[in-house]
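Open the model in your viewer and keep the sequence panel beside it. We will go from the whole chain to single residues.

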Amino acid sequence: MAKLTPKQTSFAEEYLIDLNATQAAIRAGYSPKSAEAEASRQLRNVKVKAAVANAIAERSKRTGVSQDRIILELAKIALVNAIDVINMDEATIRGDANREDTAAIASVKVKIIPTGKDGAIIEREVKVYDKIRALELLGKHLGMFKDDRPLGNVNIQIIDNIPNK
């Protein structure tokens with residue numbers, strides 16, 4: 001495969017920063033006035049597309065971040081049952097909670113309020129990540145929430161049985 005020009009190489013590298021093609025084109029040295037069109041052109045270029053895909057694959061391998069891993073993490077949040085993780089009477093994390101379930105915990109807060117010489121009130125709060133949002137993201141990934149789904153053919157028959165006067 002032919003090599004990329006220095007500007008194309010720069011575009012591919014810049015695109016990986018934020019996946020914003022227009023900004024990548026500007027940062028790569030293309031004119032801001034034509035950056036949007038140039039970005040579109042670069043992303044259609046077979047050599048540039050291959051370079052970007054290769055760089056994304058290398059980064060995924062290097063970091064261990066993949067689509068599968070993201071889906072698994074979302075599933076942990078989406079499918080956790082809070083009572084498997086939280087002792088509801090004490091607002092603490094259960095001692096027998098497994099690692100998969102505790103991955104859904106967003107924060108644990110403990111507040112101690114002195115009440116006098118020997119006492120204190122302990123306030124606890126255990127929050128889990130947004131389950132609805134995780135379910136929504138998983139549903140979108142699976143194509144469940146598409147507005148463009150055809151409803152199918154519907155036959156309508158109009159019967160005019162009102163007599164004319």
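The tour below starts with the overall fold and then stops at selected residues.

**Whole chain**

Bear in mind that this is a predicted model. Show the protein chain as a cartoon and colour it by secondary structure. You should find seven helices and four strands. Trace the chain from the N terminus: the order is α-α-α-α-α-β-β-α-β-β-α. The radius of gyration of the protein chain is 27 Å, whereas the globule rule gives 15 Å for 165 residues, so the chain is more spread out than a compact globule. Now turn the model along its principal axes. The C-alpha atoms fill a box of roughly 80 × 75 × 30 Å.

Switch on the surface. About 13000 Å² of the protein chain is exposed, and carbon and sulfur atoms supply 54% of that area. Of the 165 residues, 21% are buried. Next, consider contacts between residues at least 6 apart in sequence: 40% of these join residues at least 24 apart. Colour the charged side chains. There are 26 positive and 22 negative ones, and the centres of the two sets lie 8 Å apart.

**Helix α1: an aromatic pair**

Select residues 6–18, which make up helix α1. How many aromatic pairs does the count give? The count comes to one. Show Phe11 and Tyr15 as sticks: their rings are stacked, 6.0 Å centre to centre, with 20° between the planes. Both residues sit in helix α1, four residues apart, or about one turn of the helix. Phe11 has 0% relative accessibility, so it counts as buried. Tyr15 is buried too, with a relative accessible area of 15%, because the cut-off for buried is under 20%.

**Helix α1: Gln8**

Stay in helix α1 and pick Gln8. Is Gln8 buried or exposed? Gln8 counts as buried, at 9% relative accessibility. Now look for what surrounds it. Leaving aside neighbours within four places in sequence, Gln8 is in contact with Tyr30, Gln42, Asn45 and Val48.

**Two positive phi angles**

Move to Leu19, in the loop between α1 and α2 (21–27). Leu19 is not a glycine, yet its phi is positive, about 60°. Then jump to Ala91. Ala91 lies in the loop between β1 (86–87) and β2 (92–93). The phi of Ala91 is also positive, near 55°, and Ala91 is a residue other than glycine. At 24% relative accessibility, Ala91 counts as partly exposed.

**Helix α4: Lys61**

Select residues 46–63 to highlight helix α4, and find Lys61 there. Lys61 is exposed, with a relative accessible area of 74%. Draw a distance from Lys61 to Leu79, C-alpha to C-alpha. The two are 18 residues apart in sequence and 27 Å apart in space.

**Helix α7: Gly139**

Finish at helix α7, residues 131–141, which holds Gly139. What is the relative accessible area of Gly139? The value is 2%, so Gly139 is buried. Which residues does Gly139 contact, leaving aside neighbours within four places in sequence? They are Met144 and Phe145. For a last distance, join the C-alpha atoms of Gly139 and Ser31. These residues are 108 apart in sequence and 39 Å apart in space.

Note on methods
Residues numbered from 1 in each chain as written. Predicted model: local features only at pLDDT ≥ 70, side-chain atom pairs only at ≥ 80, totals over all residues. Heavy atoms only, no water. Rg over C-alpha atoms; globule rule 2.2 N^0.38 Å. Buried < 20%, exposed > 50% of the residue type's maximum accessible area, 1.4 Å probe, protein only. Contact = heavy atoms within 4.5 Å. Areas by Shrake-Rupley, 256 points an atom, 1.4 Å probe, with all protein chains shown as cover. Lys, Arg positive; Asp, Glu negative; His and termini not counted. Charge placed at Lys NZ, Arg CZ, Asp CG, Glu CD. Phe/Tyr/Trp six-rings, centres within 6.5 Å; stacked < 30°, edge-to-face > 60°.
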